[in-house]
Protein chains: 2
Amino acid sequence: MINNTAIDSALFVKMALSAWQGYNDRFLKLLESVTAEQLALQVAPNRNTGVYLIGHLVSVSDGMRPLLGIGDRLYPQLVSTFETNPDNPDTPKPSVEELRKYLHDINQSMSEAFGSMEPEAWFERHNAVSAEDFAKEPHRNKLNIIINRTNHLSYHLGQLIFLKR
Amino acid sequence: MINNTAIDSALFVKMALSAWQGYNDRFLKLLESVTAEQLALQVAPNRNTGVYLIGHLVSVSDGMRPLLGIGDRLYPQLVSTFETNPDNPDTPKPSVEELRKYLHDINQSMSEAFGSMEPEAWFERHNAVSAEDFAKEPHRNKLNIIINRTNHLSYHLGQLIFLKR
């Protein structure tokens with residue numbers, strides 16, 4: 001019985017991480033298959049540009065590092081441009097090459113950290129919830145961040161795909 | 001120890017179902033806040049219409065019933081129009097009111113079935129994987145369907161939101 005439930009625990013960590021990895025792979029593939037000119041366009045009339053959505057996803061991924069206790073953000077300068085403010089053509093933005101490099105660094109640092117985490121560590125609280133609240137709401141754990149961020153990523157991936165002609 | 005892992009198992013089911021429920025609620029809210037005229041439009045130039053994407057999501061939800069062993073599809077006539085064929089203006093489609101009713105029926109039948117499932121039942125194989133393959137790939141279980149379908153729903157929700165002006 002203990003054996004069975006231990007397998008389940010590792011299994012559902014694997015399920016959530018596989019989904020995250022799968023959508024990240026799709027994101028990386030998309031990034032490689034669109035030109036800088038396409039990314040400068042709005043994904044639909046009067047909607048965000050491709051560059052903004054990509055910077056947004058990169059910055060949100062970077063924000064998972066402190067949430068999951070991996071470390072500080074690697075690129076905190078992205079927050080103002082891509083998270084707290086809406087898309088603005090007058091705001092200087094990193095190039096697509098720079099954003100690709102940032103994403104690579106962030107993903108690599110997270111893969112390394114994930115590889116050394118025991119399944120149980122995923123059920124500890126994440127760093128945006130207090131110990132008091134976590135006692136009442138144990139679903140606000142680190143694995144839930146993965147599940148929510150995968151949905152956030154797929155939401156915007158559905159929009160970014162419109163850049164492809 | 002047994003107690004702890006048993007809690008984890010129920011907790012993980014709750015995490016996955018909460019995410020599914022959350023995106024379904026957003027989908028229902030969107031359906032209530034757009035007009036039939038808006039839904040007849042393409043979500044972006046040369047992309048699917050709102051009605052097609054909604055029919056697609058309703059039909060895919062209906063397909064979860066046999067996959068999860070709940071029962072047959074309630075509305076099998078949707079598959080050809082919204083799953084196996086691309087958006088076609090010449091294909092007669094159900095009205096938005098009809099699609100809303102279908103979605104309501106499907107969601108209600110699934111909520112009832114989910115409410116009577118023990119956490120362990122979610123880790124059984126789903127009906128699109130053979131017993132042999134499941135022995136090698138135990139992540140292809142019923143809960144994985146929920147995780148994948150939530151991501152599929154959020155992907156298209158990111159597109160449907162463009163109908164809102």
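The following conversation concerns a predicted model with chains A and B.

Student: How many residues does each chain give to the contact?
Tutor: Chain A contributes 35 residues and chain B contributes 35 residues.

Student: What area do they bury, and on which atoms?
Tutor: About 3100 Å² is buried between chain B and chain A, with 69% of it on carbon and sulfur atoms. On the chain B side, the residues that lose the most area to chain A are Met15(B), Tyr155(B) and Phe162(B), which together account for 22% of what that side buries.

Student: Which elements of chain B are involved there?
Tutor: Helix H1 (2-33) and helix H7 (142-160) of chain B are the elements that give two or more residues to the side touching chain A. By class, that side of chain B has 18 nonpolar, eleven polar and six charged residues.

Student: And how many salt bridges or polar contacts link the two chains?
Tutor: The count of salt bridges between chain B and chain A is zero. There are ten residue pairs in polar contact between chain B and chain A, counting pairs with both residues at pLDDT 80 or more.

Student: How many salt bridges does the structure hold over all chains, then?
Tutor: The structure holds 14 over all chains. One of the pairs is Glu83(A) with Arg73(A), at 3.1 Å from N to O. Glu83(A) lies in helix H4 (residues 78-84) of chain A and Arg73(A) in the loop between helix H3 (50-67) and H4, so this pair ties together parts ten residues apart in sequence.

Student: What about Lys142(B): which residue does it pair with?
Tutor: Lys142(B) forms a salt bridge with Glu124(B), and their closest N and O atoms are 3.8 Å apart. Lys142(B) is in helix H7 of chain B, whereas Glu124(B) is in the loop between helix H5 (96-115) and helix H6 (131-136), so the pair ties together parts 18 residues apart in sequence.

Student: Is Lys142(B) buried or exposed?
Tutor: Lys142(B) counts as buried because its relative accessibility is 11%, under the 20% limit. Glu124(B) is partly exposed, at 43%.

Student: Changing topic, where is Lys164(B)?
Tutor: Lys164(B) sits in the segment after H7 of chain B. Lys164(B) is partly exposed, with a relative accessible area of 34%.

Student: Which residues is Lys164(B) in contact with, sequence neighbours aside?
Tutor: Leaving aside neighbours within four places in sequence, Lys164(B) is in contact with Arg47(A), Leu30(B), Ser33(B), Val34(B) and Gln38(B). With Ser33(B), the side chain of Lys164(B) makes a side-chain polar contact at 3.3 Å.

How values were computed:
Residues are numbered from 1 along each chain as its sequence is written. Chains are lettered from A and ligands numbered from 1 in the order in which they are written. This is a predicted model: local features need pLDDT of at least 70, side-chain atom pairs count only at pLDDT 80 or more; totals for chains, interfaces and linings use all residues. Side-chain values use heavy atoms; hydrogens and water are left out. Contact means heavy atoms within 4.5 Å. Buried area is the accessible area (1.4 Å probe) that two parts lose on being put together, summed over both. A salt bridge is a side-chain nitrogen of Lys or Arg within 4 Å of a carboxyl oxygen of Asp or Glu. A polar contact is a pair of N or O atoms within 3.5 Å; within protein, one must be able to donate a hydrogen and the other to accept it, and residues adjacent in sequence count only if both atoms are side-chain atoms. Helices (H or I, at least four residues) and strands (E, at least two) are DSSP runs, numbered from the N terminus. Ala, Val, Leu, Ile, Met, Phe, Trp, Tyr, Cys and Pro count as nonpolar, Asp, Glu, Lys and Arg as charged, and the others, Gly among them, as polar. Buried means under 20% relative accessible area, exposed over 50%, partly exposed in between (1.4 Å probe, protein chains only).
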